[in-house]
Amino acid sequence: MNATHAAVDLDDVDGLLAADRDGLLRGASMAGAQARATAAALAEGELDALRADQPPRTLIWLADRGNGQTAGPLLAAAVGGSVGVPIVTAAEVPPWIGALDVLVVAGDDPGDPVLVSAAATALHRGARVVVVAPFEGPLRDVVAGRAVALAPRVWVPDEFSLVRYLAAGLAILNVVQPGMQVNLDALADELDAEAFRNSAGHELFTNPAKTLADRM
């Protein structure tokens, strides 16, 4: 007897939303909100403590897993050639780190011993430190008000957090690199527009995401 395979109707909006029990569609649509939340933090002066008379010798992006780790090389590839600050990606604190450097510790676990140790070491050597992670637990305890905290303001599942890290990196560069200007609000608008084009309510023939899903 042949097995019967139910066809997926990608234009059945109610059916798609009902099948999305884990909220993945909503998570995928939150990229703009993440960028806009970072823009708000920048506008409110949360990164002002990073400002200095001279740009840093290096911006070190440190992460050991997940989207935090993915974001570092993407940021370096996207803007590394057009900014005056070398962007170094690392899984541990470089032995040469010092007062001329900015360290970004990026992750989703404030208890991650790699991030906690890195922040402590960098602060001990006089570097400026930015925590792009939930600001709580051991990570908050070890920096004790000596680092800049850029904690997530908009919650999304971990698999959809890449934009938050990239927006954080751009915001940090806006502050530490004179002349670097990225309009995060405009970026958020573009991300919202793309999410709208690919939303469940748009029919397959006008929807790139549904077209891709249908081909797969």
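Good morning. I begin with an enclosed space: the largest cavity is lined by Gln34, Ala37, Thr38, Ala41, Glu46, Leu150, Ala151, Pro152, Arg153, Val154, Arg164 and Ala168. Two elements, helix 3 and helix 7, each give two or more residues to that lining. Helix 3 provides the largest share, four residues. The volume of this cavity is about 110 Å³, and a search of the whole structure returns two cavities of 30 Å³ or more. I should state at once that the model is a predicted one.

Let me now set out the overall architecture. The protein chain contains nine helices and five strands. Along the sequence, their order is α-α-α-β-α-β-β-α-β-α-β-α-α-α. Taken along the principal axes, the C-alpha atoms fill a box of roughly 70 × 40 × 30 Å. The chain has 216 residues, of which 41% count as buried. As for contacts between residues at least 6 apart in sequence, 72% of them join residues at least 24 apart.

I return to helix 3, since it contributes to the cavity lining. Does the length of this helix agree or disagree with its number of residues? With 13 residues at 1.5 Å a residue, helix 3 should span 18 Å, and its end C-alpha atoms lie 19 Å apart, which agrees. The buried residues of helix 3 are Ala31, Gly32, Gln34, Ala35, Ala37, Thr38, Ala39, Ala41 and Leu42. Their cover includes helix 2, helix 7 and helix 8. After helix 3 comes glycine 45, with a positive phi near 85°.

Next, the open space. The largest pocket holds about 530 Å³. Which residues are the closest to its centre? They are Leu25, Ala28, Ser29, Asn198 and Ala209, out of 23 residues that line the pocket. Elements giving two or more residues to this lining are helix 1 (13–19), helix 2 (24–28), helix 3 (31–43), helix 7 (162–176), helix 8 (184–197) and helix 9 (208–215). Among these, helix 2 gives the most, with four residues. Helix 3 and helix 7 thus appear in the lining of the pocket and also in that of the largest cavity.

I turn to helix 5, residues 113–124. Its 12 residues, at 1.5 Å a residue, should span 16 Å; the end C-alpha atoms are 16 Å apart, which agrees. Within helix 5, the buried residues include Leu115, Val116, Ala118, Ala119, Ala122 and Leu123. Where do these residues sit around the axis? They cover an arc of only 165°, and therefore lie on the same side of helix 5. Pro113 and His124, on the other side of the helix, are exposed. The buried residues are covered by elements including strand 1 (59–62), strand 3 (102–106), strand 4 (128–132) and helix 6 (137–143).

The two ends of helix 5 also deserve a remark. At the N-terminal end, aspartate 112 acts as a cap: one of its side-chain oxygens lies 2.9 Å from the backbone nitrogen of valine 114. Just after the helix, glycine 126 adopts a positive phi of about 90°.

That brings me to backbone geometry. Most residues other than glycine have a negative phi. Alanine 144, although not a glycine, has a positive phi of about 45°. This alanine belongs to the loop between helix 6 and strand 5 (148–149). Is alanine 144 buried or exposed? With a relative accessible area of 55%, alanine 144 is exposed, because the threshold for that class is over 50%.

My final residue is isoleucine 172, which is located in helix 7. Its relative accessibility is 0%, so isoleucine 172 counts as buried. Which residues are in contact with isoleucine 172, once neighbours within four places in sequence are left aside? The contacts are with Leu47, Leu50, Leu59, Val104, Val130 and Val132. Isoleucine 172 and valine 88, for their part, are 84 residues apart in sequence, and their C-alpha atoms are 14 Å apart in space.

To close, I recall two points. The largest cavity takes four of its lining residues from helix 3, and the largest pocket takes four of its own from helix 2. Helix 5, for its part, has the buried residues I named on the same side, with Pro113 and His124 exposed on the other. Thank you for your attention.

Notes: Residues numbered from 1 in each chain as written. Predicted model: local features only at pLDDT ≥ 70, side-chain atom pairs only at ≥ 80, totals over all residues. Heavy atoms only, no water. Expected span 1.5 Å × (residues − 1). Buried < 20%, exposed > 50% of the residue type's maximum accessible area, 1.4 Å probe, protein only. Arc of directions from axis to C-beta. Contact = heavy atoms within 4.5 Å. Polar contact = N/O pair within 3.5 Å; in protein donor to acceptor, adjacent residues only side chain to side chain. 1 Å grid on protein atoms, 1.4 Å probe; cavity = no way out; pocket = protein on both sides within 12 Å on 5 of 7 lines; lining within 4 Å. Points joined across faces, edges and corners; volume = space filled by probe spheres on them.
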